[in-house]
Amino acid sequence: MKHFEANFDGLVGPTHNYAGLSFGNVASFSNAAQTSNPKAAAKQGLQKAKSLADLGMVQGVLAPQERPDLYTLRRIGFSGSDAEVLQKAAQQAPALLNACCSASSMWTANAATVSPSADTRDGKVHFTPANLVDKLHRSIEPITTGHILQATFNNDRHFKHHQHLPEHASFGDEGAANHTRLCSEYGHSGVELFVYGQSATHTNAPKPTKYPARQTLEASQAVARLHQLEDESCVFMQQNPDVIDQGVFHNDVISVGNKNVLFYHEQAFLNTEVKFDEIRRKMNSDMHFVKVTTEQVSIDDAVRSYLFNTQIITLPSGEMAIIAPTNCQENPAVFAYLNELVTLGTPIKQVRYFDVKQSMQNGGGPACLRLRVAMNEQEVAAVNQNTLMNDGLFTRLNTWVDRHYRDQLTVSDLADPQLIMESRTALDQLTQILKLGSVYQFQR
């Protein structure tokens, strides 16, 4: 049986804006209050997804969340008609309105943690939506995320869906952005590397002092239990608190893995060699740890270019390629390093660049935009086929974006009542295109 690592990219929502909501995310804060282009953002994401499908990859899409989130605004005391709720929130609590209009669900690396059937005791693919409790604008996502995942992976024989973890800082969970699966082949059992920022119960353990550690050890351990993973297939590794304080808010900003390759910065982790030895022992096969030194690329350059917020994919030819943002080309140190990397004899032989600047300016690169799901051919066949990228879906989604998305949006525009109808009309049509059923509250 054939096995694949599929990528499910998040569709950028109609309210894509730069409100600077993510403390600890340098790009998000740096570009706060700029004018965004939701139409261009959505098309950039679609082009990346289609390009990977054209390379022979299994590529899908995940629907965005409904925004503005009027249900949360009503829950916190704003009342009246939809337009009145929006107006009152804009006048009395603009920061809360901004949070309820965020299009951050586009970064599906934070949608969930996924364990493939080759690793789980019941032989199913397991999904746990991330609770994202560290940021208000993201903490309102997991229920709808669960609905979208269940509508996309909608076969109980092959897929197991869990509720998100308890909504408390002790179980802060940011999903696949802090999780990498290492293996010799996608269909073979592998080692699931869970990276955490701090322990909630060991208060004297190392932790960052400037920016929050969004992932706890306790959350990672809970996900491993839910997914029925054996101890021998899990490694729990702490991210270096010093790099979190330099803007590395998720592990996928400082390392990325694929099959038996882990591409990482030398400052990424604590107890690096001890944990790498554990990975080698549990993998019981060759591993390639591709280290980037601070002399080659500084942490600042890595964060600004998103060198590690890239995708590493295995092409049908068997070669590995890095999918990088064009920002990496524009950074001299990073571009020089990537040109050298493909000559070093590692499994990484190619680098392909994509323009995802609308996402980058809000703090998310190519890796943020995708959720990886390793599946065999039977499981791929059990996925909602209307969500898998092909020529027809690419055309339909581009036409949908042209019809429903604005080409500029300011933070002040978020108070426009017309945005409610525009967004709901767009999402209602999208659920018909993708055959998702009623995943949004306004449809229920």
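# Pockets, annotated site and backbone oddities

Modeller: In this predicted model, 20 residues line the largest pocket, and Asp69, Thr72, Arg75, Ile140 and Ile143 lie nearest its centre.

Biologist: Which elements give two or more residues to that lining?

Modeller: Helix 3 (70-75), helix 6 (136-139) and helix 7 (142-152). The largest share is from helix 7, with four residues.

Biologist: How much space lies in the largest pocket?

Modeller: About 490 Å³.

Biologist: And how do the lining residues divide into nonpolar, polar and charged?

Modeller: Eight are nonpolar, seven polar and five charged.

Biologist: Now the second largest pocket. How much space is there?

Modeller: About 260 Å³. Its lining has 13 residues. Nearest the centre are His3, Phe4, Thr314, Leu315 and Pro316.

Biologist: What gives the most to that lining?

Modeller: Strand 1 (residues 3-10), with three residues. By class, the lining of the second largest pocket has six nonpolar, four polar and three charged residues.

Biologist: Switching topic. Which residues does the UniProt "active site" annotation cover?

Modeller: Glu174, His250 and Cys368, according to the UniProt record, which is an unreviewed entry. They are spread over 195 residues of sequence but cluster in space. The largest C-alpha distance among them is 11.3 Å.

Biologist: Where is Glu174 placed?

Modeller: In the loop between strand 5 (159-161) and strand 6 (179-182).

Biologist: Is Glu174 buried or exposed?

Modeller: Buried, because its relative accessibility is 2%, under the 20% cut-off.

Biologist: What is Glu174 in contact with, leaving aside neighbours within four places in sequence?

Modeller: Ala109, Asn110, Ala130, Leu132, Asp134, Arg214, Gln215 and His250. So one of the contacts of Glu174 is His250, which the UniProt record also lists under "active site".

Biologist: Then Cys368. Where is Cys368 found?

Modeller: In the loop between helix 14 (357-360) and strand 15 (370-376). Cys368 counts as buried, at 2% relative accessibility.

Biologist: What does Cys368 touch, not counting residues up to four places away in sequence?

Modeller: Met106, Trp107, Thr108, Ala109, Asp252, Asn309 and Gly363. Ala109 is in contact with Glu174 and with Cys368.

Biologist: While we're on cysteines, how many disulfides does the count come to?

Modeller: Zero.

Biologist: Why is Cys100 not in a bond with the closest cysteine sulfur?

Modeller: Because that sulfur, in Cys101, is 6.9 Å from the sulfur of Cys100, too far for a bond. The cut-off is 2.5 Å. Cys100 is buried, at 3% relative accessibility.

Biologist: And what is the nearest cysteine sulfur to Cys183?

Modeller: That of Cys234, 14 Å away, and Cys183 is in no disulfide. Cys183 is buried, with a relative accessible area of 1%.

Biologist: On to the backbone. Which residues does a cis peptide bond join?

Modeller: Arg67 and Pro68, with omega about 0°. Pro68 lies in the loop between strand 2 (59-62) and helix 3.

Biologist: What about Gln65, where is that found?

Modeller: Gln65 is also in the loop between strand 2 and helix 3. Gln65 is buried, with a relative accessible area of 5%.

Biologist: What does Gln65 touch, not counting residues up to four places away in sequence?

Modeller: Ser105, Ile140, Glu141, Thr144, Thr145, Leu427 and Tyr440. Ile140 came up earlier, as one of the residues nearest the centre of the largest pocket.

Biologist: How far is the C-alpha of Gln65 from that of Val12?

Modeller: They are separated by 9.2 Å, and the two residues are 53 apart along the chain.

Biologist: Now phi. What is phi of Gln228?

Modeller: Near 55°, a positive value in a residue other than glycine. Gln228 lies in the loop between helix 8 (217-226) and strand 8 (234-238). At 23% relative accessibility, Gln228 is partly exposed.

Biologist: And what is phi of Lys435?

Modeller: Positive, about 55°, although Lys435 is not a glycine. Lys435 lies in the segment after helix 17 (418-433).

Biologist: Is Lys435 buried or exposed?

Modeller: Exposed, because its relative accessible area is 54%, over the 50% cut-off.

Conventions
Residues numbered from 1 in each chain as written. Predicted model: local features only at pLDDT ≥ 70, side-chain atom pairs only at ≥ 80, totals over all residues. Heavy atoms only, no water. UniProt positions renumbered as here; feature names shortened; annotations may be inferred. Buried < 20%, exposed > 50% of the residue type's maximum accessible area, 1.4 Å probe, protein only. Contact = heavy atoms within 4.5 Å. 1 Å grid on protein atoms, 1.4 Å probe; cavity = no way out; pocket = protein on both sides within 12 Å on 5 of 7 lines; lining within 4 Å. Points joined across faces, edges and corners; volume = space filled by probe spheres on them. Nonpolar A, V, L, I, M, F, W, Y, C, P; charged D, E, K, R; others polar.
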